[in-house]
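Work through the exercises below with the sequence and the structure side by side. Try each task before you read its solution.

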Amino acid sequence: MIHTIENDYLRVSVDDHGAELCSIFDKVHNREVIWQADPAYWKRHAPVLFPNVGRHFEDHYRINGVEYPSSQHGFARDSEFTCVDMTADSITHRLKSSDATRENYPYDFELKIKHVLEKNQVSVCWEVISLNDETMYFTIGGHPAFNVNVLPDTDFEDYSLAFKEGTESLSYVLLDTESGTAIADKTYELKLTNSKYALKKDMFDKDALVFDNGQIEWAALALPDGKPYIALESKGFPNFGIWSKPGAPYVCLEPWCGRCDNRGFEGELSEKPGINALKAGGVFEKSYDIIVY
């Protein structure tokens, strides 16, 4: 079931399936901002990545010496959430651990996802609650895809990525296409002009660009005239991904708390770089904002 809230600026819809944000309609400019999941390119809108962002090396991981299978980006995006609260300006969903989730993730948890609408902004709020007697380990991330060709008679390469004013360059790593994990020992530089980078059709030919060390706390997509029309603010997030399917008219701006394994990592999940450790009975909270201009 899809739930919708709106105000004078935006109309926002969230699906029970995956608690996925599936529409932000800009009422001021009469255009859809979120990618509408054309399966010719990518069948999703803005999936939630939990309990893992990206892939574990060789698609499994270890807890206390026990090996568990895993799938890319975890199971939350393909799970049915329960809508537990809805107000004029918010929608709250919840996913609880089950026998099915424990088959490849042995922890008990509640994951709450709340979408809050305020003027021209949508806040996405995560709450992970541990129901365990031991420390629970996970990564979590957002994966919203935004339409690029929002103006008529424009091309993908007419648009640009914009970053915090004064940013001259960013460093990123790429993924090993065979394992889907990060080649962490080789970094690349994204050189910016006036804090912007013009989109190129081939820039995602090697999959996502992965930015570590909290480099990106604000990123936007800008119109041909250089003005942002959509921005994502993710203060305090250590990792960020930028991705599109080559040739597709969308770009994903992805705020992450943790990311995929480094290629070749075979340690315990607790030893994974950037892992979130939630103590027994603890609560993890994080949020990011999508701003429509």
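**Exercise 1. Which residues does Val251 contact, leaving aside its neighbours within four places in sequence?**

Step 1. Apply the cut-off: contact means heavy atoms within 4.5 Å.
Step 2. List the partners. Val251 is in contact with Pro144, Ala145, Phe146, Val148, Phe156, Leu161, Leu199, Phe204, Leu221, Ile242, Trp243 and Ser244.
Step 3. Place Val251 in its core. The largest nonpolar core has 72 residues, and Val251, Leu111 and Ile242 have the most contacts inside it. Such a core is a set of buried Ala, Val, Leu, Ile, Met, Phe, Trp, Tyr and Cys residues joined through side-chain atoms within 4.5 Å. Buried means under 20% relative accessible area (1.4 Å probe, protein chains only).

The model is predicted: local features need pLDDT of at least 70, side-chain atom pairs count only at pLDDT 80 or more, and totals for chains, interfaces and linings use all residues. Residues are numbered from 1 along each chain as its sequence is written, and side-chain values use heavy atoms, with hydrogens and water left out.

**Exercise 2. Trace the strand that holds Leu161.**

Step 1. Strands are DSSP runs (E, at least two residues), numbered from the N terminus. Two strands pair if DSSP finds at least two bridges between them.
Step 2. Strand S15 covers residues 160-163 and pairs with S18 in the antiparallel sense over three bridges. Leu161 stands opposite Tyr197 in S18.
Step 3. The order of this open, antiparallel sheet of nine strands is S8-S9-S10-S11-S25-S21-S20-S15-S18. Its edge strands are S8 (82-87) and S18 (196-198).

Methods: Helix = DSSP H or I, 4+ residues; strand = E, 2+ residues; numbered from the N terminus. Buried < 20%, exposed > 50% of the residue type's maximum accessible area, 1.4 Å probe, protein only.
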